[in-house]
Amino acid sequence: MSTRKINDIAEDFAEYVIEVAPQKDENGNVQYYFAGSIASILTCNAKSVSDEKGADTRNIDDETRCFLQTYFPRQTGDIDIITMDEEANILNFCKERENRRKINNSRAIVAAIPDAGNFCKEFSGNIYTSAFWDNLSWEHKVTHKISKIETEKENVFYVPRPDYQLANKMCEVVVLKFADCEKNKKNIKDISLMYAAFSKIYSSEEILDAFSVCLKDREDYGQLAQGHSAKACFRKMAPKMMTYLKDNTENSAEAVARLQNMINSIEKPLNKGLSPMLIKQGKEI
């Protein structure tokens with residue numbers, strides 16, 4: 001399936017979902033947002049990204065959007081969402097064709113949109129019943145800052161802020177201890193492409209800050225050993241990211257240069273206060 005078709009299917013589906021189950025309540029509060037693969041695919045179509053109130057707008061240029069649409073979209077097996085408060089009336093209003101009704105928790109989305117499994121079937125060929133929704137709310141109480149994205153088709157969706165999408169994907173590699181397994185190869189691909197695009201929108205400091213927050217959350221959930229640092233983890237995965245970009249994408253020189261600059265800036269504090277000879281010998285003053 002072409003990446004363009006994946007983009008179109010994802011956006012058409014998401015547009016249908018929010019028509020049936022609006023992402024904001026009647027007071028303008030976000031009730032749930034897309035996460036995981038579908039959020040990243042929707043972000044590929046974004047022409048601008050802002051915070052959930054519409055402030056701090058950052059435009060995404062045509063070149064960056066085309067890069068993402070060309071290289072990133074992939075098949076997905078489920079639809080990840082994050083609800084703001086699972087115990088409350090999360091989706092206060094669900095519009096089913098002519099009328100609206102209250103929804104008490106995210107499981108009711110399954111009943112509201114019974115044909116959602118057809119979307120996943122188009123991607124993976126599997127037939128889904130109730131398992132196509134995956135609510136990650138329990139896992140991401142802190143790590144996600146919410147963004148409003150506006151697409152080329154002028155749809156508005158709520159997703160994790162792009163640098164946090166990248167940071168959470170990077171955390172998956174850390175959880176898997178950087179092993180050369182099949183899942184990490186896919187993760188490195190995703191991380192490389194997301195970094196190439198999102199590092200044009202967010203600064204190195206913002207990306208590392210998002211990564212630090214996500215690592216801390218994973219540690220709090222017992223998924224990481226003590227002592228991981230975002231900077232050390234980034235240094236470890238960056239060479240594989242560079243290799244992937246060089247070998248698999250055109251015009252990757254700028255993205256590779258941004259990666260190298262980020263590594264260089266990370267290394268500087270480590271060398272502060274050391275003489276050239278002692279740096280070479282690896283000894284502190």
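Student: How many of the residues of strand 9 are buried, and what does that word mean here?

Tutor: A residue is called buried when its relative accessible area is under 20%, exposed when it is over 50% and partly exposed in between, with a 1.4 Å probe and protein chains only. Strands (E, at least two residues) and helices (H or I, at least four) are DSSP runs numbered from the N terminus. In this structure strand 9 is mostly covered, with 4 of its 5 residues buried. The model is predicted, so local features need pLDDT of at least 70 and side-chain atom pairs count only at pLDDT 80 or more, while totals for chains, interfaces and linings use all residues. Residues are numbered from 1 along each chain as its sequence is written, and side-chain values use heavy atoms, with hydrogens and water left out.

Student: In which sheet does strand 9 lie, and what is the order of its strands?

Tutor: Two strands pair if DSSP finds at least two bridges between them. Strand 9 belongs to an open sheet of 4 strands in the order 3-2-8-9, paired antiparallel. Strand 3 (58-59) and strand 9 (156-160) stand at its edges with a single partner strand each, so each has one side without a neighbour in the sheet.

Student: How many bridges join the neighbours strand 8 and strand 9, and which residue pairs with Glu150?

Tutor: Strand 8 and strand 9 run antiparallel and are joined by 5 bridges, and Val156 in strand 9 is the bridge partner of Glu150. The hairpin of these two strands has 4 residues between them, and in it Glu154 takes a positive phi near 70 degrees. On the other pairing, strand 2 (residues 46-51) meets strand 8 (residues 146-151) in the antiparallel sense over 5 bridges, with Ala46 opposite Thr151.

Student: Which strands of this sheet does helix 2 lie across, and how is its angle to strand 9 to be read?

Tutor: Axes are lines fitted to C-alpha atoms, for helices over the stretch in contact (heavy atoms within 4.5 Å), and angles run from 0 to 180 degrees between N-to-C directions. Helix 2 (residues 36-44) lies across strand 2, strand 8 and strand 9, and runs at about 130 degrees to strand 9.

Student: Is helix 2 enclosed by the rest of the structure or open, and where does Ile41 fit in?

Tutor: Of the 9 residues of helix 2, 8 are buried, so the helix is largely enclosed by the rest of the structure. Ile41 is located in helix 2 and, at 1% relative accessibility, counts as buried. Leaving aside residues up to four places away in sequence, Ile41 touches Ile6, Asn7, Ala10, Phe72, Pro73 and Arg74. The C-alpha atoms of Ile41 and Pro73 are separated by 5.6 Å, although the two residues are 32 apart along the chain.

Student: What is the strand order of the 3-stranded open sheet, and how is it paired?

Tutor: Its order is 1-4-7, and the pairing is mixed. Strand 1 (32-35) and strand 7 (133-135) are at the edges with a single partner strand each, so one side of each lacks a neighbour in the sheet. Direction ignored, neighbouring strands of this sheet are turned by 35 degrees against each other on average. Strand 4 (residues 79-83) pairs with strand 7 in the parallel sense over 3 bridges, with Ile79 opposite Trp133. Helix 2 packs on this sheet too, touching strand 1 and strand 4, and its direction makes about 85 degrees with that of strand 1.

Student: How many aromatic pairs are there, and what rule identifies them?

Tutor: Rings of Phe, Tyr and Trp (its six-membered ring) pair if their centres lie within 6.5 Å; planes under 30 degrees apart count as stacked, over 60 as edge-to-face and the rest as tilted. The count by this rule is 4 aromatic pairs. Tyr32 and Phe34 have ring centres 6.1 Å apart and planes at 80 degrees, so their pair is edge-to-face. Both Tyr32 and Phe34 are buried. The pair of Tyr195 and Phe234 is tilted, at 5.8 Å centre to centre and 55 degrees between the planes. Tyr195 lies in helix 7 (residues 182-198) and Phe234 in helix 9 (residues 230-248), so this pair ties together parts that are 39 residues apart in sequence.

Student: Where does helix 9 bend?

Tutor: The bend at a residue is the angle between axes fitted to the seven residues ending there and the seven starting there. Helix 9 bends by about 35 degrees at Met237, and a proline, Pro239, follows within four residues.
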